[in-house]
Amino acid sequence: MIDTTRLLLASVALAATFAAAQAQEAPKAEVFSSWTSGGEGRALQAIKSEFEKRGGTWENSSIAGFENANAAFQNRLVAGDPPTVKQLIVGKDPAEFIALGLMTPIDDVATAGNWDAVLPKALSDYITYDGKTYLAPTGIHGESWMFYSKAAFEAAGITEEPTTWDAFFADMDKLAAAGLVPIAWGGQAWQETKVFNMVLLSQVGLDGFLKIYADGDQDVLASDGVRNTLEIFGRMRDYVDEGSPGRNWNDATAMVITGKAGVQFMGDWAKGEFTTAGQVPGEDFGCAFSPATPGMIYIGDAFGFPKVSDPNGEAAQKLIAEVVMDPSVQVEFSLNKGSIPARTDLDASLFDMCTQKGMAMMAEGKIVPEHAITLTPEAVGMLTDFVGEFWSDPSPDIDDAVAQFSAVFE
């Protein structure tokens, strides 16, 4: 005869054991990002390795191209199947997800890590919403960089970095005469918008740039600085190759790495490609701020945490937030990504000359946020469309272009 009491007790014990096993399950995170290039992959590995050392299980979901990854992420949200973690750009874009109640705050992690004391205000202001911390910053990218091939400059007889636009175009003529592609151009509108902004900053200054993108100031929008920007930016068309339309940014970087092209205007994530290729700044390639710039445009990468229903996912989110801000991870991530660490308490001597230049610019307060931080996603789209259309028109009317640029902010 079956002893029902003993069977019942055994069943209860088995259920308790199963529950305990579930409770002890390793925090598992699906990490959704657009980081697929060599340098980006190595940077992401720095976070993954430490997360796994601390007992986490990592599932990588990467889609090339931020816009493609963002669209796929939004589809996941609509379908009620969000990933555990999403790579985001600080600013108005994640603010929409937060306002809709789709993201989880990580205040307890930020408080325990004393984030307020180690993050620059220019970044901490954009990871908090309504007094709560929602994003864990992976790093800050400078977007005012002109990377150049030392070999190409030597072949063209260029002996110093151009610091004015007149000197820049004179050097581009030398590169063309030497049979090289002067500017390695990534022919995608988002890339072109970043170059446009570099020129704009040089023509309207830090204050004017912020007035345009934060306030839509019509006086600055109607100034000679905007007209000059369009003329300088348009002049660059004469120095790109026929294969530039649609080119990915890292393919343009490869042109400089191999010495086929002279310069590339890009954010400092491009430096990760140089270092992955075994090149050394100051020896194989140069990193200069774009000509005539009074400062540096910056943008911040971060991890955001969609609302999930299971405790395991929440535990994984908190663990990743801790890992992202770990000082050693911040160093390793930045060394591979080419970025400036989000933390301000790290030893600058750990980084190369390019990163040190960016850190010095931040320390001096000569920085302005990129348009994606201060504009709504709709306005970002309008700006990107405007720049793309202006670039693709071989002979645009400058007066019309000034008016179209101003219309983005109406």
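This report describes an internal cavity and several salt bridges in a predicted model.

## The cavity

When the whole structure is searched, one cavity of 30 Å³ or more is found, and the largest cavity has a volume of about 60 Å³. Two elements, helix 10 (189-215) and strand 9 (261-266), each give two or more residues to its lining.

The lining of the largest cavity includes Ile183, Ala184, Trp185 and Gly186, together with Gln191, Glu192 and Val195, and it is completed by Gln264, Phe265 and Met266. By character, these lining residues divide into six nonpolar, three polar and one charged.

## A salt bridge between distant parts of the chain

The count of salt bridges in the model comes to 17. In one of them, the side chains of arginine 76 and glutamate 30 meet at 2.8 Å, N to O, and this pair links distant parts of the chain, since arginine 76 lies in helix 3 (residues 66-78) and glutamate 30 in strand 1 (residues 28-33), 46 residues apart.

Arginine 76 is buried, with a relative accessible area of 18%, and glutamate 30 also counts as buried, at 13% relative accessibility. Salt bridges that share partners join Glu30, Arg76 and Asp81 into one network.

## Salt bridges with partly exposed lysines

Lysine 211 forms a salt bridge with aspartate 207, where the closest N and O atoms are 3.3 Å apart; both residues lie in helix 10, four residues apart, which is about one turn of the helix. Lysine 211 is partly exposed, with a relative accessible area of 32%.

Glutamate 364 and lysine 366 also meet through their side chains in a salt bridge, at 3.4 Å from N to O, and lysine 366 is partly exposed, with a relative accessible area of 36%.

Note on methods: Residues are numbered from 1 along each chain as its sequence is written. This is a predicted model: local features need pLDDT of at least 70, side-chain atom pairs count only at pLDDT 80 or more; totals for chains, interfaces and linings use all residues. Side-chain values use heavy atoms; hydrogens and water are left out. On a 1 Å grid over the protein atoms alone, a cavity is a set of points where a 1.4 Å probe fits but cannot get out, and a pocket is an open set with protein on both sides within 12 Å along at least five of seven lines; lining residues have an atom within 4 Å of a point. Grid points are joined across faces, edges and corners, and a volume is the space filled by probe spheres set on the points. Ala, Val, Leu, Ile, Met, Phe, Trp, Tyr, Cys and Pro count as nonpolar, Asp, Glu, Lys and Arg as charged, and the others, Gly among them, as polar. A salt bridge is a side-chain nitrogen of Lys or Arg within 4 Å of a carboxyl oxygen of Asp or Glu. Buried means under 20% relative accessible area, exposed over 50%, partly exposed in between (1.4 Å probe, protein chains only).
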